[in-house]
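Trainee: I would love a close look at a single part of this model, followed outward into whatever it connects to. Could you pick a starting point and walk me through it?

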Amino acid sequence: MNVTIEENRSHPRLPDLLGAYHLVNQAEKGNAVTAVAELPAVYRGEAEDPAAVFTADTVLLATPAGDDLPAGCVVLKAPREGRAPEIKRLWVAPEARRKGIAKALMAEALRRAAASGAAAVRLTVWNWREEPLALYRSLGFETVASWDERPDLLCLEKTMEGEREKAGEKAREETAGPVEADRVERLTPDEVRAHASAGLAALLVDAVEGGASVGFLAPLAAREAAAWWSRVADEAAEGARDVWAAHGPDGGLTGVVTLVRGTTANGRHRGEIARLLVHRSARGRGLGYRLLATAEAHAAATGLTLLVLDTRTDSPAERLYRGAGWTAAGTIPDYAADPAGVPRATTLYYKRLG
């Protein structure tokens with residue numbers, strides 16, 4: 001059966017698939033509930049806003065040929081704290097099972113893990129789930145020492161050497177890869193000024209409207225946002241700040257990040273990541289990670305050895321930074337107000353370069 005696999009954390013079908021997964025999983029564990037709203041908070045959050053929960057992860061959906069909506073999903077969790085990436089939330093709608101969808105999702109997740117350079121991939125499965133367990137065994141997963149002590153939960157792992165070879169062969173066979181939907185490029189000071197009153201201001205307004213704590217209270221007027229970006233253009237002209245923007249297929253701006261350089265004599269080795277913004281309409285396809293990685297690479301290439309940032313505690317951005325290898329240095333309560341004016345805690349992060 002032909003299956004189309006896509007990566008999309010924001011697909012409108014995804015909440016239904018994840019909700020069904022968790023409802024069945026809770027029933028199998030003897031904790032049956034009848035609605036997503038009754039799920040434990042950690043699972044309810046996944047079903048209600050997967051784009052926010054899986055910010056740093058790869059979410060794949062499978063649509064059978066001839067269908068309009070995905071019938072299955074799987075999540076490839078980003079590696080954290082030196083651990084291997086983990087496959088989670090493999091689910092196929094009951095009416096679409098026994099058609100190879102689960103196997104296709106697993107194959108694509110493994111291919112992507114191999115392409116990322118992962119040495120191994122791991123997962124957990126309840127020992128009573130015979131069909132998924134048989135699938136994992138057929139793909140080369142083996143039982144390993146448990147990292148999760150819940151009774152009846154098996155921990156499996158697969159080394160990726162063979163998968164990396166297959167990924168390399170596929171890459172050599174393809175004459176051209178997929179076209180990136182968003183082009184990330186560094187903006188000159190004049191380009192920052194040119195975009196200040198339109199694309200850049202719109203990104204800042206959208207972030208504030210979405211509840212992001214980025215230095216402004218709601219409602220944020222477009223002219224105030226544009227004035228802030230005009231000041232950023234001046235800083236860029238002085239060499240104190242670098243700006244990168246993501247351009248969508250239509251040329252409009254879909255994301256931005258800035259790097260502020262230390263200016264004191266004893267702080268010129270460090271920089272600060274500030275205003276990493278992705279428009280809500282462009283989230284769920286890894287754009288935030290790409291913008292962050294671009295700024296990090298430039299910082300390292302220009303001699304910086306340390307980066308810092310701060311972000312609202314327990315925000316989706318925290319998952320992105322942790323998944324990208326940043327280390328939490330501490331949390332300050334009531335550090336900054338959210339757009340509604342409510343004081344919120346902020347977590348400080350750092351990352352060493354080189």
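**From one helix outward**

Mentor: Let's start with Asp190 and Arg193, which sit 3 residues apart in helix H7 (residues 189-209), so about one helical turn separates them. Please keep in mind that this is a predicted model. The two side chains form a salt bridge, and their closest N and O atoms are 3.2 Å apart. Asp190 counts as exposed because its relative accessibility is 58%, beyond the 50% that the term requires. Arg193 has a relative accessibility of 37% and therefore counts as partly exposed.

Now for the sheet beside this helix. It is an open sheet of 7 strands with mixed pairing, and its order reads S8-S9-S10-S11-S12-S14-S13. Strand S8 (183-187) and S13 are its edge strands, each pairing on one side only. From one strand to the next, the twist averages 25°. At the S8 edge, S8 runs antiparallel to strand S9 (residues 241-247), and 5 bridges join the two. Within that pairing, Glu185 stands opposite Ala245 in S9. Our starting helix, H7, packs on this sheet, where it touches S8, S9, strand S10 (253-261) and strand S11 (270-278). The direction of H7 makes about 110° with that of S10. Helix H10 (residues 316-323) packs on the sheet as well, touching S11, strand S12 (306-312) and S14. In this case the direction of the helix makes about 155° with that of S12.

Strand S14 brings us to another salt bridge, this one between Glu296 and Lys351, with 2.9 Å between the closest N and O atoms. Glu296 belongs to helix H9 (residues 287-301) and Lys351 to strand S14 (residues 343-352), so this pair ties together parts that are 55 residues apart in sequence. Glu296 is buried, because its relative accessibility is 11%. Lys351 has a relative accessible area of 17% and is therefore buried too, since that term covers values under 20%. Salt bridges with shared partners also build a network, made up of Glu7, Arg9, Glu108, Arg111 and Arg112. In the whole structure, a search finds 22 salt bridges.

One link of that network is worth a closer look. Arg112 and Glu108 form a salt bridge whose closest N and O atoms are 2.9 Å apart. Both residues lie in helix H4 (residues 101-115), 4 residues apart, which is about one turn of the helix. Glu108 counts as buried because its relative accessibility is 13%, whereas Arg112, at 24%, counts as partly exposed.

From Arg112 we can step across to Thr58. Setting aside neighbours within four places in sequence, Thr58 is in contact with Glu7, Val74, Val75, Leu76 and Arg112. Two of these contacts, Glu7 and Arg112, are members of the salt-bridge network. Thr58 has its place in strand S2 and counts as buried, because its relative accessibility is 18%. Its bridge partner in S3 is Leu76. Strand S2 (residues 58-64) and S3 pair in the antiparallel sense, over 5 bridges.

Leu76 has a bridge partner on another strand as well, namely Ile87 in S4. S3 and strand S4 (residues 86-92) are again antiparallel and pair over 5 bridges. As general background, strands of a sheet pair through backbone hydrogen bonds, either parallel or antiparallel. Of the 6 residues of strand S3 (residues 72-77), 5 are buried, so the strand is largely enclosed by the rest of the structure.

To finish, let's return to S13, one of the edge strands of the open sheet. Tyr335 lies in this strand, which spans residues 327-337. Because its relative accessible area is 45%, Tyr335 is partly exposed. Together with Ile332 and Leu348, Tyr335 forms a nonpolar patch on the surface, and the accessible area of the three adds up to about 240 Å².

Note on methods:
Residues numbered from 1 in each chain as written. Predicted model: local features only at pLDDT ≥ 70, side-chain atom pairs only at ≥ 80, totals over all residues. Heavy atoms only, no water. Patch = residues over 30% accessible without salt bridge, like charges linked within 9 Å, V, L, I, M, F, W, Y side chains within 5 Å. Areas by Shrake-Rupley, 256 points an atom, 1.4 Å probe, with all protein chains shown as cover. Salt bridge = Lys/Arg side-chain N within 4 Å of Asp/Glu carboxyl O. Buried < 20%, exposed > 50% of the residue type's maximum accessible area, 1.4 Å probe, protein only. Pairing = 2+ DSSP bridges. Axes fitted to C-alpha atoms, helices over the stretch in contact; angles between N-to-C directions. Contact = heavy atoms within 4.5 Å.
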